[in-house]
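Got your viewer open and a selection box ready? Let's walk through this one stop by stop.

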Amino acid sequence: MDYAAELGASCFFTGAGEPGGDNPAAALADCYEDWRARAAQRGLDFCVYLGHEGSYIYSEDMLAEALEAVPNLGLKIDPVGLIRNLDADPNDILFRFGANLVYFHVKGLTRLRDGEIEPPPGFDALRWDVMFGILLEHEYDGYVSVEPHGPYWAAVPEGRKAYIRHTLRALGPLMVPG
């Protein structure tokens, strides 16, 4: 957190931990307010990511349990991560838990019979208009980050720049300035 604040970041996210035992949500509840207070002392918004190493939250049920234990749990939501790591529909997750959204992470995904590609959001198979409509219902006006993904886009700086340009052209009209 110190390093993030030193760099001028305004948000810090991390995993929800991988506590042992029968009640990981209780373990999260025991430390969450301390984590959030430490971030706030450094001028950082704080949230946790889902479905990756470092976060025990690998299902919609686990997320619901975490939010029951920590009602103000800040969330970093990545729709592609929800699909790949939680086997969940991002529209359902955003509808159900969007009030806790602190950081929205976008990258594209199109699944095909023989594989998948990762074109820029707006050029993929996900319904970004629906997701941003759900965010409007939650009055979300927070962070939206673009992450170039896939070997075609992320391999070279020119590809990453093009990915971001295409994403902003496609999704920009969906983002209503606060």
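Start by selecting K161, which is exposed because its relative accessible area of 53% is over the 50% cut-off. Bear in mind as you click around that this is a predicted model. K161 sits in helix α8, which covers residues 157-171. Now add R160, R165 and R169 to the selection: together with K161 they form a positive surface patch.

**Next stop: the aromatic rings**

How many aromatic pairs does the structure hold? The count is 9. Pick F13 and Y103 to see one of them: the ring centres are 4.9 Å apart and the planes meet at 55 degrees, so this pair is tilted. Colour the strands while you're here. F13 belongs to strand β1 (residues 11-14) and Y103 to strand β4 (residues 101-106), so the pair ties together parts that are 90 residues apart in sequence.

Switch on a surface and look at the two partners. F13 counts as partly exposed, at 31% relative accessibility. Y103, on the other hand, is buried, with a relative accessible area of 15%.

Now jump to Y32 and F46. Their ring centres lie 5.6 Å apart with the planes at 50 degrees, so this pair is tilted. Which parts of the chain does the pair link? Y32 is in helix α2 (residues 24-41) and F46 is in strand β2 (residues 45-48), with their positions 14 residues apart in sequence.

Are Y32 and F46 buried or exposed? Y32 counts as buried at 1% relative accessibility, and F46 is buried too, at 5%. Keep both selected and add F12 and W35: ring pairs link F12, Y32, W35 and F46 into a cluster.

**Then: the salt bridges**

Clear the rings and show the charged side chains; there are 11 salt bridges to find. You can stay on helix α2 for this one, since R36 and E33 both lie there, 3 residues apart, or about one turn of the helix. The closest N and O atoms of their salt bridge are 3.1 Å apart. R36 is partly exposed, with a relative accessible area of 36%, and E33 is partly exposed as well, at 38%.

Move on to E118 and R84, whose side chains meet in a salt bridge of 3.0 Å, N to O. E118 is in the loop between β6 (115-117) and α6 (128-137), while R84 is in helix α4 (residues 79-86), so the pair ties together parts that are 34 residues apart in sequence. With the surface back on, E118 counts as buried at 15% relative accessibility, whereas R84 counts as partly exposed at 30%.

**Last stop: a charged network**

Select E116 and R111. What do their side chains form? They meet in a salt bridge, with 3.1 Å from N to O. E116 counts as partly exposed at 36% relative accessibility, and R111 is partly exposed with a relative accessible area of 49%. Why doesn't R111 count as exposed? Because exposed means over 50% relative accessible area, and R111 has 49%.

To finish, bring R84 and E118 back into view alongside R111 and E116. These four residues are linked in a network of salt bridges.

Key. Residues are numbered from 1 along each chain as its sequence is written. This is a predicted model: local features need pLDDT of at least 70, side-chain atom pairs count only at pLDDT 80 or more; totals for chains, interfaces and linings use all residues. Side-chain values use heavy atoms; hydrogens and water are left out. Patches are made of residues with over 30% relative accessible area and no salt bridge: like charges are joined within 9 Å, nonpolar side chains (Val, Leu, Ile, Met, Phe, Trp, Tyr) within 5 Å. Accessible areas come from the Shrake-Rupley method with a 1.4 Å probe; for residues, only the protein chains shown count as cover. Lys and Arg count as positive and Asp and Glu as negative; His and the chain ends are not counted. The place of a charge is taken as NZ of Lys, CZ of Arg, CG of Asp or CD of Glu. Helices (H or I, at least four residues) and strands (E, at least two) are DSSP runs, numbered from the N terminus. Buried means under 20% relative accessible area, exposed over 50%, partly exposed in between (1.4 Å probe, protein chains only). Rings of Phe, Tyr and Trp (its six-membered ring) pair if their centres lie within 6.5 Å; planes under 30 degrees apart count as stacked, over 60 as edge-to-face and the rest as tilted.
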